[in-house]
Amino acid sequence: MPAVDDILFSRRRAERFAQLLDEANGARRHHVRSRVDGQLAPLVAVGQRLSVDPPAVEVDQDFRTGLRAMLLATAEREGMGTAPAASEPATTTARGRLLPAVTARRARARGAILVGIAAGAIAVSGISAASENAVPGDALYGMKRSTERAQLALASSDISRGQLFLDFARTRLGEAAKLRGDRIGYSAVLDDMDADTRQGVRLLTTAAVQRAESGSLDTLNSFVTSQRRAVSGLVDGSTRADRDRTQRSLHLLDSIRERSDELREAIACGLPVPSASDALGPDPSTCPGAR
């Protein structure tokens, strides 16, 4: 039988799948048959079994986050939730809500597409959970990074995204600890750690000056304190090349703490939002009278 995605990711097949699901649940039967009915019948049977006896499963939270991102992206791309054209005839849904006939049919088809995505994604939920401890070079590392991108896509604000980037920098630090002695791998993961750190710092420092409040800077200072202690721990017992590379990350953390202190002082003395910026975000002027 063709793969599930080949069957579902076709508008005509998706619409026919939606019709068959309706018929299986007691809706009026259509007086036509499609050449793909035989292919779709097993999927319809699965849908019926799932509705009658849904499986009791525990889904990993990271997987939930990634799946939600995929479903939201598909819904947006397919236009679900958009207002229908006023000229289309209306039909009533099972919940009593009026939908244009064409829109209702397309909604069921798009729902079938989302079901297909969910079915395929659920099949790899164990892989998503297993990727948590993956490091660069592992087969599941790409899944781990994809989950992080999904978390960023669902973040509700720049502050949330900034905090996530700092969390990812901590994750990269844990990966680096497992790669000591592998000069290329160790350096590459610290490059990623520093990149995540800069992204998070830039978002949080920008939020701090735009809001003229230091809460985000407190988050940065806490991160720098704990991260610097952990990064310093990588120096002991490492090779000269690894030590040199680690020092660069320590220098970055020192620069972040210095920038945070400068921004805190600028906010306290009421300076306007800095017009200059760099990789760490706004670059403030010195307060009048400051040394």
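These legends go with several close-up views of a predicted model.

**Figure 1. The whole chain, with its eleven helices and four strands.**
Start here to get your bearings before zooming in. The chain runs to 291 residues, and 36% of them are buried. Its accessible surface adds up to about 16800 Å², with carbon and sulfur atoms supplying 51% of that area. Take the chain's contacts between residues with a separation of 6 or more: 61% of these link residues that sit 24 or more positions apart.

**Figure 2. Leu152, a residue of helix H7.**
H7 covers residues 141–154, and Leu152 is part of it. Is Leu152 buried or exposed? Its relative accessible area is 16%, so Leu152 counts as buried, the cut-off being under 20%. Which residues does Leu152 touch once its neighbours within four places in sequence are set aside? The answer is Arg161, Leu164, Phe165 and Phe168. For one of these, Phe165, there is also a backbone distance to look at: the C-alpha atoms of Leu152 and Phe165 lie 8.3 Å apart, with the two positions 13 residues apart along the chain counted as their separation.

**Figure 3. Helix H8 against helix H9.**
H8 spans residues 158–178, and its axis comes within 8 Å of the axis of H9. The two axes cross at roughly 160°. That angle is over 145 degrees, so H8 and H9 are roughly antiparallel to each other. Their crossing is left-handed. What kinds of residues make up the contact of H8 with H9? There are 15 nonpolar, five polar and seven charged ones.

**Figure 4. Helix H9 again, now with helix H10.**
Here H9 (residues 183–211) packs with H10 (residues 215–232). Their axes are 9 Å apart, at an angle of about 160°. Because that is over 145 degrees, H9 and H10 count as roughly antiparallel to each other. The crossing of H9 and H10 is left-handed.

**Figure 5. A closer look at the side of H9 and the side of H10 that make the contact.**
From H9, look for Met193, Thr197, Val201, Leu204, Thr205, Ala207 and Ala208. From H10, the contact residues are Ser216, Leu217, Thr219, Leu220, Phe223, Gln227 and Val231. How many of the residues in the contact of H9 with H10 are nonpolar, polar or charged? Nine are nonpolar and five are polar, and there are no charged residues. Among the nonpolar ones are Met193 and Val201 of H9 and Phe223 of H10.

Key. Residues numbered from 1 in each chain as written. Predicted model: local features only at pLDDT ≥ 70, side-chain atom pairs only at ≥ 80, totals over all residues. Heavy atoms only, no water. Axes fitted to C-alpha atoms, helices over the stretch in contact; angles between N-to-C directions. Helix = DSSP H or I, 4+ residues; strand = E, 2+ residues; numbered from the N terminus. Parallel < 35°, antiparallel > 145°, perpendicular 65-115°, else oblique. Left-handed = near helix turned anticlockwise from the far one by under 90°. Contact = heavy atoms within 4.5 Å. Buried < 20%, exposed > 50% of the residue type's maximum accessible area, 1.4 Å probe, protein only. Areas by Shrake-Rupley, 256 points an atom, 1.4 Å probe, with all protein chains shown as cover.
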